[in-house]
Amino acid sequence: MPSPISPAPAKNGPEVRQQTPRARMRDAVGEPPWMRRLLIGLAILLISVILLVPLAAVFHQAFAKGVDGYIAAITAPDTLSAIRLTLLACAIAVPFNVVFGVAAAWAIAKFDFKGKNFLITLIDIPFSVSPVIAGLVFILLFGAQGYFGEFLSEHDIQLVFAVPGIVLATIFVTFPFVARELIPVMQAQGTEEEEASISLGADGWKTFWRITLPNIKWGLLYGVVLCNARAMGEFGAVSVVSGHIRGETNTLPLHVEILYNEYDFSGAFAVASLLAFLAVITLIAKKFLERGVRAEIKAAENMVPEQGALHS
């Protein structure tokens with residue numbers, strides 16, 4: 001006759017094996033439920049205080065004078081001039097950095113050559129140098145008392161305190177974004193597909209357009225989004241080389257500073273809301289594109305063992 005007391009199930013039984021990865025992680029960490037709730041609550045509180053509350057305050061102050069006041073602030077001639085200059089700087093800087101970033105990432109990831117580490121160091125310079133220092137360097141080089149100032153003055157060319165200087169400063173601060181996003185993607189993909197394309201008779205240009213570029217499309221879009229966001233929001237380097245000429249050399253961030261210094265708080269926050277709206281769009285696009293970048297890297301990593309198995 002069987003015993004009325006059933007034996008306790010083994011700890012390594014099917015119940016444990018059928019746990020979801022998240023449940024197994026909770027068991028491994030061993031944190032009590034109240035601790036997890038406390039940490040999540042603190043994280044939400046910090047995000048609210050640091051991000052959500054300031055963002056809400058910007059839009060609240062932007063509409064302090066009503067919708068008519070908001071529209072008047074963002075359609076003022078000086079604001080429209082700042083918008084046009086910001087878009088112009090982005091329209092020049094972003095394509096330039098896309099071309100350079102793709103070329104640099106392609107060279108670094110696909111080839112071995114002397115000076116490769118030096119090129120990577122040069123790409124990283126804008127990350128380590130203060131934007132204000134970068135602006136001062138342009139003044140030192142192209143200003144009236146700079147190294148090339150006399151030559152530029154003789155040929156009636158003005159770079160600093162003019163639109164060309166703003167474009168140069170924007171290009172410098174956004175220099176690494178596209179290249180730094182593409183390098184790990186290209187390194188993970190390797191060179192097998194390009195080598196196969198060349199062996200089948202395709203030339204280098206066709207291989208790039210048919211093989212390399214489609215494989216990096218998500219990483220390229222991700223770099224473009226970050227590059228464009230930084231270009232529109234740049235303040236330090238542009239502030240040094242712009243000269244703060246109202247209606248001529250002021251970008252959106254500089255125009256916000258001028259309105260705030262003139263105690264036009266509603267106008268300043270109205271213009272700032274345009275940049276805040278851009279930041280929200282950038283975050284949404286960034287989150288969407290991150291999935292594509294991870295999928296590209298994962299597909300490239302999975303391709304390596306399959307190709308090894310075929311060769312063996």
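A residue counts as buried when its relative accessible area is under 20%. Keep that cut-off in mind for the close-ups below, which all come from a predicted model.

**Figure 1. The whole chain is built with 16 helices and zero strands.** Before zooming in, here's the overall picture. The chain has 312 residues, and 35% of them are buried. Now take the contacts between residues at least 6 apart in sequence: 73% of these join residues at least 24 apart.

**Figure 2. C227 sits at 0% relative accessibility.** Is C227 buried or exposed? With 0% against a cut-off of under 20%, C227 counts as buried. What about a bond to another cysteine? The closest cysteine sulfur belongs to C90, and at 8.0 Å from the sulfur of C227 it is too far for a bond. To be called a disulfide, the two sulfur atoms would have to be within 2.5 Å.

**Figure 3. C90 is in no disulfide either.** Looking from the other cysteine, the nearest cysteine sulfur to that of C90 is the one in C227, 8.0 Å away. C90 has a relative accessibility of 4%, so this residue counts as buried. And how many disulfides does the count come to? Zero. If the term is new to you, a disulfide is a covalent bond between the sulfur atoms of two cysteines.

**Figure 4. Helix 7 packs against helix 9.** Helix 7 covers residues 131-142, while helix 9 covers residues 163-173. Their axes lie 10 Å apart, and the angle between the two helices is about 135°. Why call this pair oblique? Angles over 145 degrees count as roughly antiparallel and those from 65 to 115 as roughly perpendicular, so about 135° fits neither group and the helices are oblique to each other. The crossing of helix 7 past helix 9 is right-handed.

**Figure 5. A closer look at the residues where helix 7 meets helix 9.** On the helix 7 side, the contact is made by P131, A134, F138 and F142. Helix 9 brings L168, A169, F172 and V173. What kinds of residues are these? The contact has eight nonpolar residues, no polar ones and no charged ones.

**Figure 6. H255 and the residues it touches.** You'll find H255 in helix 15, which runs over residues 252-261. With a relative accessibility of 2%, H255 counts as buried. Which residues does H255 touch, leaving out those up to four places away in sequence? They are D78, T79, A82, R246, N250 and V271.

Notes:
Residues numbered from 1 in each chain as written. Predicted model: local features only at pLDDT ≥ 70, side-chain atom pairs only at ≥ 80, totals over all residues. Heavy atoms only, no water. Axes fitted to C-alpha atoms, helices over the stretch in contact; angles between N-to-C directions. Helix = DSSP H or I, 4+ residues; strand = E, 2+ residues; numbered from the N terminus. Parallel < 35°, antiparallel > 145°, perpendicular 65-115°, else oblique. Left-handed = near helix turned anticlockwise from the far one by under 90°. Contact = heavy atoms within 4.5 Å. Nonpolar A, V, L, I, M, F, W, Y, C, P; charged D, E, K, R; others polar. Buried < 20%, exposed > 50% of the residue type's maximum accessible area, 1.4 Å probe, protein only.
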